[in-house]
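Colleague: Please take me closely through the empty space in this model, and through the parts of the chain that border it.

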Amino acid sequence: MRAIVIDKPGGPGVLTWREVPDPRPGRGDVLIDVTASAVNRADILQRQGFYDPPPGAPAYPGLECSGVVTEVGSDVEDFKPGDRVCALLAGGGYAQRVAVPWQQVLRVPDGVDLAEAAALPEVACTVWSNVFMTARLRKGETLLVHGGGSGIGTLAVQLAKAFGSHVVVTAGSAEKIARCLELGADEGINYHREDFAEKVRADVILDIIGGKYLPGNVKALKTGGRLVVIGLQGGSTGELNLGMLLAKRASVHGTTLRARPVDEKGVIVRGVVDNVWPLVEAGAIRPVIHARVPMSDAAEAHKIMESGDHIGKILLVG
């Protein structure tokens, strides 16, 4: 088979499409012929040499895929060859085939194009696990989403609105804010022109920036608020006002998804199947696709993501 290989850290040009050994499924694995994958920020970091795959994961980038099951291990009962599926991966999505633990595999929701389904697993699992499982967002509460135009942001807006929350986003352009409002966001803040900490009081904040936004995030929390940090685009350190945190009886959570044990990922995936997939099938949530790029041209897809101009997901189509 062919896969995108990173021989050395660097720019998009280090991504090479070439022949590699075929994966073999273990007893608890599902082997998928990949129709599409999608680009995530973690793939950029891996290419740059800052985010190695966890032990045992494929070396190729790609944290999600969609495709057709071709083989299952002896311990797998829930899936069979021919099933249309998508999957949450620890790596290996930029390839023609991938083997993945069955607990991380999801059937494609009814009404969703097989290629577009590749845009759902990573963002759906990230938003469900952080906003709803960890931060316990409730109906009527306010959610602040940083990076509303991202893949995670566009899914978070739709899911939170479907559960009856008030949603505020930050984004860097009028176009991205307008798109978020179309998806259901109630308010948009251009972070180049406005200080979100002066304008918003939120029950839950989903943050991809990290250190740079930490003081403002704590200021923006309501009493009893919950901040969930899932990215460090603005650095890994920031000043935390403990007095303000205590006075607000607020909490700060830091989470990652990729390196979690399979059983933990399985719990998240089942939560997505039970709570998110019905909304997708009903049309209340849909994947937002910015571009479809041939997988062999993954370097171009990385350039699009690094430009920061995209809205939603960038698909890699095999």
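Modeller: Helices (H or I, at least four residues) and strands (E, at least two) are DSSP runs, numbered from the N terminus. The model is predicted, so local features need pLDDT of at least 70 and side-chain atom pairs pLDDT 80 or more, while totals for chains, interfaces and linings use all residues. Residues are numbered from 1 along each chain as its sequence is written, and side-chain values use heavy atoms, with hydrogens and water left out.

On a 1 Å grid over the protein atoms alone, a cavity is a set of points where a 1.4 Å probe fits but cannot get out, and a pocket is an open set with protein on both sides within 12 Å along at least five of seven lines; lining residues have an atom within 4 Å of a point. Grid points are joined across faces, edges and corners, and a volume is the space filled by probe spheres set on the points.

The largest pocket holds about 1200 Å³ of space. Its lining is made of 47 residues, and those nearest the centre are R41, I152, I208, G231 and Q233. At least two lining residues come from each of α1, α2, α3 (151–162), β9 and α10, and α2 gives the most, with 5 residues. By class (Ala, Val, Leu, Ile, Met, Phe, Trp, Tyr, Cys and Pro as nonpolar, Asp, Glu, Lys and Arg as charged, and the others, Gly among them, as polar), the lining of the largest pocket divides into 18 nonpolar, 22 polar and 7 charged residues.

The elements that supply this lining can be taken in turn, starting with α1 (residues 41–48), whose buried residues (under 20% relative accessible area with a 1.4 Å probe and protein chains only, where over 50% is exposed and in between is partly exposed) are A42, D43, I44, Q46 and R47. These buried residues of α1 pack against β1 (2–6), β2 (15–19), β3 (29–38) and α10 (298–307), contact being heavy atoms within 4.5 Å. After α1 comes G49, with a positive phi near 90°. In α10, the buried residues are A298, A299, A301, H302, I304 and M305, and their cover includes β1, β2, α1, β14 and β15 (313–317). After α10 comes G308, which has a positive phi near 80°.

Strand β9 (residues 166–171) holds T170, and T170 is buried because its relative accessible area is 1%. Neighbours within four places in sequence aside, T170 is in contact with L144, V145, H146, G147, G148, I189, Y191 and F196.

Helix α2 (residues 121–134) packs against helix α8 (residues 262–275) at an angle of about 90°, with the axes 9 Å apart; axes are lines fitted to C-alpha atoms, for helices over the stretch in contact, and angles run from 0 to 180 degrees between N-to-C directions. The two helices α2 and α8 are therefore roughly perpendicular, the term for angles of 65 to 115 degrees. From α2, the residues A124, C125, W128, S129 and M133 meet V267, I268, V269, G271, V272 and N275 of α8. This contact of α2 with α8 has 8 nonpolar, 3 polar and no charged residues.

Helix α8 also leads to the second largest pocket, which has a volume of about 270 Å³. It is lined by 20 residues, of which A57, A90, P101, Q104 and V262 are the closest to its centre. Two or more lining residues come from each of β6 (97–101) and α8, and β6 has the largest share, 4 residues. The lining of the second largest pocket divides into 13 nonpolar, 3 polar and 4 charged residues.

As for enclosed space, a search of the whole structure finds 1 cavity of 30 Å³ or more, and the largest cavity has a volume of about 50 Å³. The residues that line the largest cavity are A119, L120, V123, G151, T154, L155, Q158, R286, P287, V288 and K313. Helix α3 makes the largest share of this lining, with 4 residues, and the classes of the cavity lining are 6 nonpolar, 3 polar and 2 charged.

Two of these lining residues, A119 and K313, are also among the contacts of I289, together with E116, I311 and L315, when residues up to four places away in sequence are not counted. I289 lies in strand β14 (residues 289–294) and counts as partly exposed because its relative accessibility is 25%. I289 and I311 are 22 residues apart in sequence, and their C-alpha atoms are 7.5 Å apart in space.

Conventions:
Angles under 35 degrees count as roughly parallel, over 145 as roughly antiparallel, 65 to 115 as roughly perpendicular and the rest as oblique.
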